Each structure stands twice: as C-alpha cells, then as structure tokens.
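Q: I am new to this structure and would like a close look at one part of it. Please take it step by step.

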Amino acid sequence: MTERKSTKPTRRNLIGGIGLAAAAATGGIAPTQAQAARKTFVLVHGAWHGGWCWRRVADMLEAQGHKVFVPTLAGLGEKSHLLDAKTNLTTHITDIVNLIKWEDLNGIVLVGHSYAGYIVSGVAEQLHDKIASIVFLDAFVPENGDSLAAGASKPVKDALAAAKAKNEITLKPVPAAVFRVNEKDRAWVDAKCTPQPIATMEEGVKITGAREKIAKKAYIRAKGYPSVPFDAAQNKLKTNASWKIFEMLAGHDAMVDQPKELTEILIQVA
C-alpha cells in the first residue's frame, strides 16, 4: 500500500539498520546476518551537480557498512573538461549502465535526484534485473518520449530558449537559493555546480515499462522546494500501490540540507 512516511527513524528501523551492524560488532549476531543487511547504493546527481553533492549521505551510508557509488556524469563536476555538444541523455544513462556493468553490481539501490529521474529510468530499461530498489528523490518520473526540456518549469524553459538563441551548448546553473538550499551551504553549492549540456535536456527518454518491474519503488518529495512537476509526480504515484511515498522538509537538494534524514529513508527503502 502506498504510504507517506515520516523522516524520523522508528525503533524497528534502527534495529534493522544501525542495530544490525552494531550487534555484529559486539558479537550479538552472526557476521553473515550483518552482511545480509548491507546494501549497494548508486546515487545519481541531478542537473548542474556532481557526485560531490552526495558526500554527506555517502559517508553516513558507508559508516553503517553499506557500499556506495557516487558517479559524476560526463561533462559535469570534475568531468566538466569533457563536455561537448554531443553530451546527451544517452551519454549519462550509459555512464551509469557502464558503472554497474564494470563494477559487477547486483541487487543495487538506484537513486536519482531531479533530472536523474530520466537517467535511472533509462538505466532500468537496460538493467532492471540488477536493481533491487529504485528511488526518485524530488525527481522527474518520465514516460516514454519525455524530455527535461518539455517537462521543466517555465524559468528553465525560458533559460533554455535564451541559451539556444545564442548558439550555446550549455545552460548556466540555477542558483542554490532558487532550489531553497539552506543559507549556510548556498555558496558551497554554487561554487561546485557547473553548466549543464543542453542536449541532455532535449533528448527524449525511451520507456517500455522496465521500471515498473523493479520490486521496490519509492518517491521522496522535498516539500521545502515548491515545484509543480514534482508535486504532480508525487500525486500520480501515491495512487499506485507499488510505490512508497515519502516527504521531507528539505529544499530541493535534500542530500545537502538533511543528509541524516535522507539516509534513514534510503536505508528503509533499500
């Protein structure tokens, strides 16, 4: 049954997550039981960001014994020097598909933030059998043929039109303040964000239903960030019993604003 969850950990969650690792360390349970509780997370960032934005959440997950990958997509972050006009949605989907293949990952928890809803949906089309749980964090949940350019808010559409009129191949980052990032971290986030390749926003994603075959599916809405598209995604999915719905009070970059609360949710849905 679709349900709205609190970000506060319950006693059961603590016993099932942190408790298992602690009990194993003190001899309370067999090592094999502790190992069974460990998960592999692949955390995919959204537009303009990079793997850096997941550092706080990754550290918390790893401290509890989980394996975590925080890839940076082609042309962004520390890979911004590789950006070119051909960097598109297929490029970014392939980034994650190849990570999963080359690292021989199975039973993963695949998390996509914002624009990465398109990416994880595309990854599911190719590797749904390797995904145990798929999570959309304040993200687009596209249907076949959808693109970010078509589904974005009016300010982003206007910015895209202006950039294309100048024959530019990238879109400048949206200020952290617009995404309602907490004031303390805004300067850091603005310093780390890099231009987004426009081709990644214009290419439509191919969806055939593979995403729905994944056993565990969750949508996390960061209610501190007003968004018509994300509210619509949440409202649509809450009528589908195969999805779990969560709400946070964070801004759009929930992994920056409330890493502890987000980590608790990710462990719960893993």
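Leaving aside neighbours within four places in sequence, which residues is Leu 110 in contact with?

A: First, the ground rules. This is a predicted model, in which local features need pLDDT of at least 70 and side-chain atom pairs count only at pLDDT 80 or more, while totals for chains, interfaces and linings use all residues. Residues are numbered from 1 along each chain as its sequence is written, and side-chain values use heavy atoms, with hydrogens and water left out.

Now Leu 110. Leaving aside neighbours within four places in sequence, Leu 110 is in contact with Val 42, Val 44, Ile 96, Val 120, Val 123, Ile 131, Ser 133, Ile 134 and Val 135. Contact means heavy atoms within 4.5 Å.

Leu 110 belongs to the largest nonpolar core, which has 81 residues. Such a core is a set of buried Ala, Val, Leu, Ile, Met, Phe, Trp, Tyr and Cys residues joined through side-chain atoms within 4.5 Å. Buried means under 20% relative accessible area, exposed means over 50%, and partly exposed lies in between, with a 1.4 Å probe and protein chains only. Within this core, Leu 110 and Ile 119 touch the most other members. Helix α6 (residues 116-127) gives the most to the core: seven residues.

Step back to the whole protein. It has 13 helices and nine strands. Both are DSSP runs numbered from the N terminus: helices are H or I with at least four residues, strands E with at least two. Of the 270 residues, 50% count as buried. Among contacts with a separation of 6 or more, 76% join residues 24 or more positions apart.

Just ahead of α6 sits Ser 114, in the loop between β4 (108-113) and α6. Its phi is positive, near 55°, and it is not a glycine. Most residues other than glycine have a negative phi. Ser 114 is buried, at a relative accessible area of 10%. Trp 48 also has a positive phi, about 70°, without being a glycine. Trp 48 lies in the loop between β2 and α4 and is buried at 5%.

Trp 48 leads to the aromatic residues. It forms one aromatic cluster with Tyr 118, Phe 140, Phe 179, Tyr 225 and Phe 230. The whole structure holds seven aromatic pairs. Rings of Phe, Tyr and Trp (its six-membered ring) pair if their centres lie within 6.5 Å; planes under 30 degrees apart count as stacked, over 60 as edge-to-face and the rest as tilted. Take Trp 52 and Trp 188: their ring centres are 5.2 Å apart and their planes stand at 80°, so this pair is edge-to-face. Trp 52 is in the loop between β2 (40-44) and α4 (55-63), and Trp 188 is in helix α9 (residues 183-192), so the pair ties together parts 136 residues apart in sequence. Trp 52 is buried at 14% relative accessibility, whereas Trp 188 is partly exposed at 30%. Tyr 225 and Phe 230 make a tilted pair, 6.5 Å centre to centre with 50° between the planes. Tyr 225 is buried at 12%, and Phe 230 is buried at 4%.

Phe 230 sits in helix α11 (residues 228-237), where Ala 233, Gln 234 and Leu 237 are buried too. Seen down the axis of α11, the buried residues fall within an arc of 95°, so they line one face of the helix. The arc is that of the directions from the helix axis to the C-beta atoms. On the other side of α11, Val 228 and Lys 236 are exposed.

Ala 233 and Leu 237 also meet Val 141. Leaving aside neighbours within four places in sequence, Val 141 is in contact with Phe 136, Arg 211, Tyr 219, Ala 233, Leu 237 and Trp 243. Val 141 lies in the loop between β5 (131-137) and α7. It counts as buried, at 18% relative accessibility. Its C-alpha atom is 7.6 Å from that of Ser 121, 20 residues away along the chain.

One more helix has a buried side. In α8, the buried residues are Val 156, Leu 160 and Ala 163. They cover an arc of only 65° around the axis, which puts them on the same side of α8. Their cover includes α7 (148-151), β6 (170-171) and α10 (198-202). Lys 154, Pro 155 and Ala 165 are exposed on the other side of α8.
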